[in-house]
Amino acid sequence: MTARPHPTPSKDQRYRKSQGTVLDTKMVVKKARFGSISGKNALACVILLAKVANAQIFVPPTEELSTKTIFNVRLVHGASSHDLQEKYPGSTITPLFSLSHETLKKLSGAKVGLPDLTLWYKVTLPDAADGVFVYEESLGDLDIVDHVSIPLVAAPLTPPIQNKPVTRAANIGAEAMAPITTPDFFDKQTYLQPYSATTNGIDAEYSWEFDGGNGEGVTIYDIEYNWNLEHEDLEMARDVKFLLPDGHKNAARVGDAPHGTAVLGEMIGTDNGFGVKGISYGASVGLSPTLTRDIQYGGDEYNVGNAIVRASQDGKRGDVILIESQTPVCGSFDSTCASGGCGPVEWQDEIYDATRVAVANGLIVVATVGNGYQDLDAETCNGYFNGTNREDSGAIFVGAGGSGVRCDEGDVDPLTARADANYGSRMDVHAWGACVVSTGYNGDLYDGDPDEDPDLNQYYTDSFAGSSSAGPMVAAAAANIQGIAMKQFGIVLDSYEMRDILVSTGVPQPVDTTRKIGPLINL
């Protein structure tokens, strides 16, 4: 596949005034923190105004931005962190990606024209003792800076849960498993069945008929917050070690685990006669947390790009990376995503660069696109998702469609985008965005022995939803196809080839659709 050109966007193309500003005149960086404004807690006002050689500098609207003391900076080739430190006295400057310089160079050198990941740095500004700090430095003279961005931490891809709450005290840990046998929910996993107007299935059962068609020989890396690895039906994940920066641990809370647990159940649920059966029950799994904590010095770091890069280094050609994260896009700065506006994480340049490097190193990247009600072709998206101002990253964009099961009011007709789905010309394929049966979540399908306290290790759901549930289906389908390609034909498909197969064999949306999410995958 021929890569499209990557032109530098103009001010009008990249950001309209209402969404932020890109400036190309010599200005300064200033940061001010205030105690209160008009009786309300103040938002930090970050003004990022700069002229940088060929840089794309974004100035967000200050009234929408929360306190920020961290910038991600990409240097030009030939520049070093020492040059940057001289211009940011008192600041802490560390590589944005935690692998060794040599490893990052090797990954970045997989193909000509890839971004050099060693040029990305995290700049943490110092705080003044009196709580009011004004940092001023001309970036206009910094020919060493190519790009500056403000990292945005978004809420997890948590779909709405409308089923019964669990009211009993919950247990967690392998020792808490109830002795009774969990029912077999395979018949409820109708998404595994052949496609028809009534089942809307992806026909995972057909792929299982072929050697490698259960994902054997392929590792699927899940990029998100947390998981419950003690769940009874996730044998493949039981002893998996997190991919973490040296000296870090996973910082996510137990409350973040239900989401990742449901994702794993869809993909690698154990074939054991009870609970659920994963689409790729023969695949291995890798876990790369997006939120980590420095064990010695404390402090949490949210870094999706780093999680992708670590998975890229750990994996082999043909493995699959699933990105289960979202970020405010197209002018939105609501990191809670409560009012919509969230979308694909490759909106942030450091994550886009990490994705391109992963694809170039032979990994299949599957990206959930978030639940943000967003038209990704809108002017406010600045051509980032339709090829106007960026070349294709190579990631497979996954949308959330209807299941047809109608388990809750969020479900819609098959081959139709959910109300909160992101859509547009960049969308590649879709899968079920509602009523998915899997492990974990809130135990609305099953939560263990009814005579005992609920056991998180026996939680099952029938209401996993959103792009959260669609992404694992596509990642698992890719793993099964890859397994067949390797076992049957001795070849390894790349991300572009996998995307072409999934698109060309999928069940198309109606021709007259105005909200494109791509065809339903069909194994």
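This tour moves through a predicted model, from its confidence values to its disulfides, one helix and one strand residue.

**Confidence first**

Colour the chain by pLDDT before selecting anything else: the average over the chain is 81, and 79% of the residues score at least 70. Then select residues 1-68, where pLDDT stays under 50 and for which the model nevertheless has 176 contacts beyond four places in sequence. A second stretch to select is residues 128-141, where pLDDT again stays under 50 and the contacts beyond four places in sequence number 37. Where pLDDT is low, the predicted coordinates should not be read in detail.

**The disulfides**

Next, show the cysteine side chains, among which three disulfides are counted. With the bonded cysteines numbered in sequence order, the pairing reads 1-4, 2-3, 5-6.

Begin with C330 and C381, which are joined by a disulfide with an S to S distance of 1.9 Å. This pair links distant parts of the chain, 51 residues apart: C330 lies in the loop between β18 (327-328) and β19 (342-343), while C381 lies in the loop between β20 and β21 (396-401). The torsion about their S-S bond is about 100 degrees, so this disulfide is right-handed. If a surface is switched on at this point, it is worth knowing that both C330 and C381 are buried.

Move on to C337 and C342, whose sulfur atoms are 2.0 Å apart and form a disulfide. Here the angle about the S-S bond is -70 degrees and the link is left-handed, and both C337 and C342 are buried.

Finally select C407 and C435, where the disulfide has an S to S distance of 2.1 Å. These two cysteines also link distant parts of the chain, being 28 residues apart, with C407 in the loop between β21 and β22 (429-432) and C435 in the loop between β22 and β23 (436-439). The torsion about the S-S bond of C407 and C435 is about -95 degrees, so the disulfide is left-handed. Are the two ends of this bond buried or exposed? C407 counts as partly exposed because its relative accessibility is 33%, whereas C435, with a relative accessible area of 4%, is buried.

**Helix α7**

Select residues 349-360, which make up helix α7, and place a distance between the C-alpha atoms at its ends: they are 16 Å apart, in agreement with the 16 Å that 12 residues should span at 1.5 Å a residue. An α-helix has 3.6 residues a turn, so residues three or four places apart point the same way. In α7, however, burial extends to every position, since under the 20% cut-off on relative accessible area that defines buried, 12 of its 12 residues are buried. Among them are the charged-letter positions to step through one by one, including D349, E350, D353 and R356, together with others such as I351, Y352, V357 and V359. Just beyond the helix, stop at G362, which follows α7 and has a positive phi, near 90 degrees.

**Strand β20 and T368**

For the last stop, select residues 364-368, which form strand β20, and within them pick out T368. How accessible is T368? Its relative accessibility is 1%, and T368 therefore counts as buried. Show the backbone of I323 as well, because the side chain of T368 reaches the backbone oxygen of I323 at 2.6 Å, a separation that lies within the 3.5 Å limit by which a polar contact is defined.

Note on methods
Residues are numbered from 1 along each chain as its sequence is written. This is a predicted model: local features need pLDDT of at least 70, side-chain atom pairs count only at pLDDT 80 or more; totals for chains, interfaces and linings use all residues. Side-chain values use heavy atoms; hydrogens and water are left out. Helices (H or I, at least four residues) and strands (E, at least two) are DSSP runs, numbered from the N terminus. Buried means under 20% relative accessible area, exposed over 50%, partly exposed in between (1.4 Å probe, protein chains only). A polar contact is a pair of N or O atoms within 3.5 Å; within protein, one must be able to donate a hydrogen and the other to accept it, and residues adjacent in sequence count only if both atoms are side-chain atoms. The expected span of a helix is 1.5 Å times one less than its number of residues. pLDDT is the predictor's confidence in each residue, from 0 to 100. Contact means heavy atoms within 4.5 Å. A disulfide is a pair of cysteine sulfur atoms within 2.5 Å.
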